[in-house]
Amino acid sequence: MRKTLTNPNAGFGAMAVFMTAISTILGAILFLRFGYALANVGLGGLIAIIVIGHVVTVPTALAVAEIATNQRVQGGGAYYIISRSFGLNIGGAIGLALFLSQAVSVAFYIIAFGEAFDPLIPYLPFEVDPLVFKKMVTLTLMSILSVVVILRGANIGMKALYGVVALLFVSIIFFLMGKPVSEGIELSFNNTIPNGDGFFVVFTIIFPAFTGIAAGLGLSGDLKDPKKAIPKGTLMATIVGMVIYIIVAFKLASSATPEDMQNDQLIMAKVSAWGPIIPIGLAAACLSSAIGSLLVAPRTLQAIGFDCILPFDNFNNWIAKGREADNEPINGSVITIFIAFFFIIIGDVNFVAEIISMFFMITYGFICLISFLEHFAADPSYRPTFKYNKWYFSLIGAILSFWLMFQMKWTYAALATLMMAVTYYFITVANPDRQGLEKLFKGVIFQLSRQIQIFIQRANKDEQEAHWRPFAICVSEDSFKRQAAFDLLRWVCYKHGFGTYIHFIKGFLNKETHVESQSVLKRLIHQSEGSKSRLYLDTIISPSYTSAIAQVIQLSGISGKGNNLILFEFSRSNPESLKHALDNYQLFEATGFDVCVLNSSYKGFGYKRDIHVWISALDFRNANLMILMAYIISGHPEWRNAVIKIYATFPESQVEKQRKRLLELIQEGRLPISSSNVRFLPMTGEQTTQEVIKSHSTDADLAIVGFRPDVVKENPDTLIEYGDLSNVLFVNTSHKKDI
């Protein structure tokens, strides 16, 4: 298989792109269905269709010109552009839809070519069914074209294209020189037949006339300089086509009645200065468009095989293989020919036009979307030399394309969308390591995040905190020894807040420690993917833990609001890490941080079913934050079956007063804690709080206990001595929280 999608003998320029595109734009629809459109929606409706169609195609042409001047475009045309921007997985799904639309287009133009023989049928020396005769003509022509394209490829096709396009313009000139069918016809914008087809029905049938830019793109691998040829050729074809459509619409509306146009699909022949030139022009247009589509579709399929999109390697290699001399996609041409023969046998012009419209609309929508997202992402690597496209042009084109899909025929739109989704799923399953939409969207998300953070910072400059939510940070050097701190932080920040987990590396910043930090970060990210956490991960290099803490608590945090809670963790069997929290407590008091210290044991978090909150008279100030933490943790899916129980230890004389106070707090705060799960334990002088907790929370999966820093500094054992309990979370708040 070749290692490139380009033709080694490529020599085509902008004129080849223009000819391929204009032969499709000024094709079968212009000659066969413009009269039908005028009869059903009137001149005003047809002008609206032309304008709306070009509101889609002009932004697409601008987007194509822009994208093509930003990257080296190889073979595959529109597919190559989409796949290199959206990634191969989503690009492959769209590319297969694009290939089908191009292959079906061959059948569409061949069927339309057969319609050009309508005027000849009365002059035949034998009687024949018109449908049978036209079917024989189309099948014969398809057979001839198949042989020619397979034997000679793009070169013979392009040589024929020049002569055909010249004949096409001659036929249009003769039509414009013609006279009205009858006298007294007045130009009217709303003159239609009674009970005609609706606007979007007509739009669906007419839209393939505007799809020529994709045909021009298909020759990208045969162009000498795609960056110059594609913008010039597509824009020139789009503008010329739009001007000719409007002129023809006015000429036809002033030359025939709606009834004449409805009853005679070749009404342009009666208006033309020389009638026979219209069927000849129709045949030429259809022939040129069929040749263009027959050249483009195999190249799209060849590019799909080249990228190994399909799950069958041998088949990918077979369709990607080109002829040795010029890389002509012979195998892709064979598949295209079979599809075209199938639709020629079963289809008519309107049916095939509806299918083409749907798939091309999807393609155009995605091309415009790519351009918009590239603008919005503001990636410095996106530097197109074509500067005339604006982001709002692309956005309008994308929105209108997807909206029109469902206005045209929602059943076809739904089916096409479903087909692409299923295709994308199977491609992704077969190629799980390839990038998908994230390749382009990560830049967009970066820009959104930047704007949101700036907005939040400005919006909150004068705001007082009304309702507390966790903006938590954890600094640990034991990330790969114990998982408890990481797990607790991801539970706390799963739904209600933001969390930043930072791995501490002791030392000075140099090349060696920097490389180590990058390796550690990769391990952390891999670990977080397995747990589906929503934490932001980072590393910090510092000569001491104190300096590291001083740096991180000054960070604004990923939320844009700054952090308000710091989490420490130590092992009950080796409480050395507890010193980090105690030695730096003056920093947290100065900056108003809430502090949580996790005492982790060999039992871990158990079965994640019971959370015990312990409230005492000595640290009642912490009660609200402790209850909030229990509520927030229980909101994580891993704790979905958890039951929160509150144990309050007060002197016996205060029990009733505190009971009422606590139950009112739970009720007014709408906390999911049953009153039956609130227990008051009168304290006697002989018991310590630790002993009471150990006696009642032996089977708890997490105990939450308040602490006072002045008490802990004098006696650190108050955070350590908890025997065989599961993990214990100690909480101290900088100020009382409202629930």
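A residue counts as buried when its relative accessible area is under 20%, and Y545, at 8% relative accessibility, therefore falls in that class. The model discussed here is predicted. The points below take up an aspartate in a strand, the aromatic pairs and a nonpolar patch on the surface.

**Surroundings of D594**
- D594 belongs to strand β5, which covers residues 594-600, and with a relative accessible area of 1% this residue is buried.
- The side chain of D594 makes a polar contact of 3.1 Å with the side chain of T733, while a polar atom of the D594 side chain also lies 2.7 Å from the backbone nitrogen of S734.
- Leaving aside residues up to four places away in sequence, D594 touches N732, T733, S734, H735 and K737, together with W468, N564, L565, I566 and L625.

**Aromatic rings**
- The count of aromatic pairs comes to 24, and in one of them the ring centres of F504 and Y545 are 5.0 Å apart with the planes at 65°, so the pair is edge-to-face.
- This pair links distant parts of the chain, since F504 lies in strand β2 (residues 498-506) and Y545 in helix α22 (residues 545-552), 41 residues apart.
- F504 is buried, with a relative accessible area of 4%, and Y545 is buried at 8%.
- One aromatic cluster is formed by F568, Y585, F588 and F707.

**Nonpolar surface patch**
- L418, V422, Y425, F426 and V429 make a nonpolar surface patch of about 520 Å², and V429 is placed in helix α18, which runs over residues 410-430.

Terms used
Residues numbered from 1 in each chain as written. Predicted model: local features only at pLDDT ≥ 70, side-chain atom pairs only at ≥ 80, totals over all residues. Heavy atoms only, no water. Helix = DSSP H or I, 4+ residues; strand = E, 2+ residues; numbered from the N terminus. Buried < 20%, exposed > 50% of the residue type's maximum accessible area, 1.4 Å probe, protein only. Polar contact = N/O pair within 3.5 Å; in protein donor to acceptor, adjacent residues only side chain to side chain. Contact = heavy atoms within 4.5 Å. Patch = residues over 30% accessible without salt bridge, like charges linked within 9 Å, V, L, I, M, F, W, Y side chains within 5 Å. Areas by Shrake-Rupley, 256 points an atom, 1.4 Å probe, with all protein chains shown as cover. Salt bridge = Lys/Arg side-chain N within 4 Å of Asp/Glu carboxyl O. Phe/Tyr/Trp six-rings, centres within 6.5 Å; stacked < 30°, edge-to-face > 60°.
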